[in-house]
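User: I am new to this structure and would like a close look at a single part, the charged contacts of the side chains. Please start there and then follow the chain outward into the surroundings of those contacts.

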Amino acid sequence: MDHTKHKNSLDYAQAGVNIDAGNALVAKVKPLAASTSRPGADTALAGFGGAFDLKAAGFSDPILISGTDGVGTKLKLANECDIHTSVGIDLVAMCVNDILAQGAEPLFFLDYFATSKLDPDQAAEVVAGIAEGCRQAGCALIGGETAEMPGMYTNGEYDMAGFVVGAAERGELLPCHYQMQEGDALIGLASSGPHSNGYSLIRKIVEISGIGWNEPAPFDPEQTLGQALLEPTRIYVKPLLPLIKSGVVKGLAHITGGGLIENPPRMLPDHLQAEINPAKWVRPAVFNWLEQVGGIETHEMMRTFNCGIGMILCVSMDNLNEALLELELAGESASFIGTVQAKE
């Protein structure tokens, strides 16, 4: 067979897809994935799928819980500031915190990374953040997919999605509606900022403010505005799993899109409602700045942002002090923020 390259022949690289860059990225990612190893996982990459052994992970009769999410327009900010590591943590956080709210321990994670032209160094920064998020969550990064799609994205920009699978023993899933009752306590865990929600509005507010991403943040002058707003989402897995497994937690609400208005009802039965007092915690300065510069009404703030609370626990009033103490010993800033009441 004649393998001579014809004068007018095309190859994949000329079409904008660089296979060699993809191979270079795999080489950079392998040690990052290996750093997330945990019982049950073999983090060897480059196969067609990843395997996980539930028995080796210590489960006897598990129910699998899966979740998927992205980072949204926070990625636009990462590109504009050329800061790419923290959004990988965000990606893991948004997925693992969701399944944690179902009572599941995150076991393994996969990512999907798509870009117009693959930059192995940039992509490796992103995956380094994903690996850090997996370590914080105690789950293994067992695989992923990188897609180079010329013409689909603006040059240098990328999008990504995450997929997590976790497990809980049968009968231990959350929320426990049958245990919830009027008078139960609500505990709020502090967020690290806006997490990964409301960034389309945040970017609009920054535009109105006229402040550049590389200028000092008005609410935190020790950081640039870009650095402050790229603060990664908190991962609540390790502090909360012991409380979940002990049976103290009746329900969890991950405060994501919909904020403090729409997320707490998702953990409660239809006849109960959450009564939350915003005076019970100190709202981080970033939210005060966003509200003031954007002229945002209180209800819109509460429906768009977490306003300083990233996760809410429902516990019996009898277990309130014990739970607060355990959370503080685990390094969390926890506050008694309200109670469960009968729905009028």
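Analyst: A residue is called buried when its relative accessible area is under 20%, exposed when it is over 50%, and partly exposed in between. With a relative accessible area of 6%, Glu332 is therefore buried, and this residue is a good place to begin in what is a predicted model.

Glu332 takes part in a salt bridge with Arg234, and the closest N and O atoms of the two are 2.5 Å apart. This contact links distant parts of the chain, since Arg234 sits in the loop between α6 (225–229) and α7 while Glu332 sits in the loop between α11 (320–329) and β11, the two being 98 residues apart. The surroundings of the two partners can be put side by side: Arg234 has a relative accessible area of 30% and is partly exposed, whereas Glu332, at 6%, is buried.

The loop that holds Arg234 leads to α7, a helix of residues 237–246 in which Val237, Pro239, Leu240, Leu241, Leu243 and Ile244 are buried. Just after α7, Gly247 adopts a positive phi of about 90°. The helix also carries a charged contact, for Lys245 and Glu105 form a salt bridge in which the closest N and O atoms are 3.1 Å apart. Because Lys245 lies in helix α7 and Glu105 in strand β2, this pair ties together parts that are 140 residues apart in sequence. Lys245 counts as exposed, at 53% relative accessibility, while Glu105 counts as buried, at 13%. A further residue joins them, in that Arg38, Glu105 and Lys245 are linked in a network of salt bridges.

How many salt bridges does the structure hold? The total is 10. Another of them is formed where the side chains of Glu291 and Arg283 meet, with a distance of 2.5 Å from N to O; Arg283, at 23% relative accessibility, counts as partly exposed.

From charged contacts the view can turn to aromatic rings, of which there are 4 pairs. In one of these, Phe52 and Phe108 are tilted toward one another, 5.3 Å from centre to centre and with 35° between the planes. Phe52 belongs to the loop between α1 (19–34) and β1 (62–70), and Phe108 to strand β2 (residues 105–115), so this pair ties together parts that are 56 residues apart in sequence. Phe52 and Phe108 are both buried. A further tilted pair is made by Phe219 and Trp289, whose ring centres are 5.6 Å apart and whose planes stand at 50°. Since Phe219 lies in the loop between β6 and β7 and Trp289 in helix α9 (residues 285–294), the pair ties together parts that are 70 residues apart in sequence. Here, too, both Phe219 and Trp289 are buried.

The loop of Phe219 belongs to a hairpin, which β6 and β7 form with 2 residues between them. Strand β6 (residues 216–217) pairs with strand β7 (residues 220–224) in the antiparallel sense over 2 bridges, and Pro216 has Thr224 in β7 as its bridge partner.

Returning to the region of Glu332, the strand named at the end of its loop is β11, which covers residues 334–342 and pairs with β5 in the antiparallel sense over 5 bridges. Strand β5 (residues 185–190) is mostly covered, with 5 of its 6 residues buried. This strand also has a partner in β10 (residues 309–315), to which 6 bridges join it in an antiparallel arrangement. Ile187 shows both pairings, because it stands opposite Leu313 in β10 and has Phe336 as its bridge partner in β11. As a general point, the side chains of a regular strand alternate between the two faces of the sheet.

A last look concerns the cysteines, as the structure holds 0 disulfides. Cys139 is in no disulfide, and the nearest cysteine sulfur, that of Cys134, is 3.9 Å away, whereas a disulfide needs the two sulfur atoms within 2.5 Å. Cys139 counts as buried, at 1% relative accessibility. Cys314 is likewise in no disulfide, the nearest cysteine sulfur being that of Cys176 at 9.5 Å, and with a relative accessible area of 0% Cys314 is buried.

Methods
Residues numbered from 1 in each chain as written. Predicted model: local features only at pLDDT ≥ 70, side-chain atom pairs only at ≥ 80, totals over all residues. Heavy atoms only, no water. Buried < 20%, exposed > 50% of the residue type's maximum accessible area, 1.4 Å probe, protein only. Helix = DSSP H or I, 4+ residues; strand = E, 2+ residues; numbered from the N terminus. Pairing = 2+ DSSP bridges. Phe/Tyr/Trp six-rings, centres within 6.5 Å; stacked < 30°, edge-to-face > 60°. Salt bridge = Lys/Arg side-chain N within 4 Å of Asp/Glu carboxyl O.
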